[in-house]
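Trainee: Please take a close look at a single part of this model, and then place it in its surroundings. Keep it brisk.

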Amino acid sequence: MEIVIAANCKKDPGTIVPLVDLKRCEGKGDCVNVCPENVFEVRQIESHDYEDLNLFRKLKLRAHGMQVAYTPNADACKSCGLCISACPEKAITLARRWW
Ligand code: SF4
């Protein structure tokens with residue numbers, strides 16, 4: 001029986017991209033630390049994203065310094081899954097890129 005090593009299952013860069021749920025993200029930066037492709041950046045939430053949050057999430061985000069993770073280098077993602085495991089808020093999912 002052939003054993004498939006996880007590394008062989010990785011997709012070409014940009015096929016799968018990480019999506020950050022800003023309703024859950026608290027900008028702790030674990031994704032930045034674990035991603036071997038430097039996909040993530042933690043910075044102040046953009047105003048239009050902030051306005052999309054409900055009052056509870058806005059207050060929660062203020063308590064965390066208004067910091068969230070963005071994915072400026074999403075095209076480099078190789079779908080290793082490390083960010084999903086590392087995120088304490090379970091805010092990251094991987095999705096096939098259709099655009
Ligand atoms: S799946 Fe891997 S390569 Fe893609 S963003 Fe997460 S840690 Fe980076």
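Mentor: One loop residue comes first, then the ligand shell and the core. The model is predicted: local features need pLDDT of at least 70, side-chain atom pairs need 80 or more, and totals for chains, interfaces and linings use all residues. Numbering starts from 1 along each chain as its sequence is written, and side-chain values use heavy atoms, without hydrogens or water.

Start with N73. It sits in the loop between β3 and α4 (82-86). Strands and helices here are DSSP runs numbered from the N terminus (strands: E, at least two residues; helices: H or I, at least four). N73 has 31% relative accessibility, so it counts as partly exposed (buried is under 20%, exposed over 50%, partly exposed in between; 1.4 Å probe, protein chains only). Beyond four places in sequence, N73 touches E37, N38 and V39 (contact: heavy atoms within 4.5 Å). Its side chain reaches the backbone oxygen of E37 at 3.2 Å. E41 is 32 residues from N73 in sequence, yet their C-alpha atoms are 8.6 Å apart.

Now the ligand. Fourteen residues surround it; C35, C77, C80, G81 and C83 come nearest (near: a heavy atom within 4 Å). The shell holds ten nonpolar, two polar and two charged residues.

Last, the largest nonpolar core (buried Ala, Val, Leu, Ile, Met, Phe, Trp, Tyr and Cys joined through side-chain atoms within 4.5 Å). It has 21 residues, and F40 and I45 touch the most other members. Strand β3 (residues 67-70) gives this core its largest share, three residues. Past four places in sequence, I45 contacts L22, Y50, L53, L61, M66, V68 and Y70.

Key
Ala, Val, Leu, Ile, Met, Phe, Trp, Tyr, Cys and Pro count as nonpolar, Asp, Glu, Lys and Arg as charged, and the others, Gly among them, as polar. A polar contact is a pair of N or O atoms within 3.5 Å; within protein, one must be able to donate a hydrogen and the other to accept it, and residues adjacent in sequence count only if both atoms are side-chain atoms.
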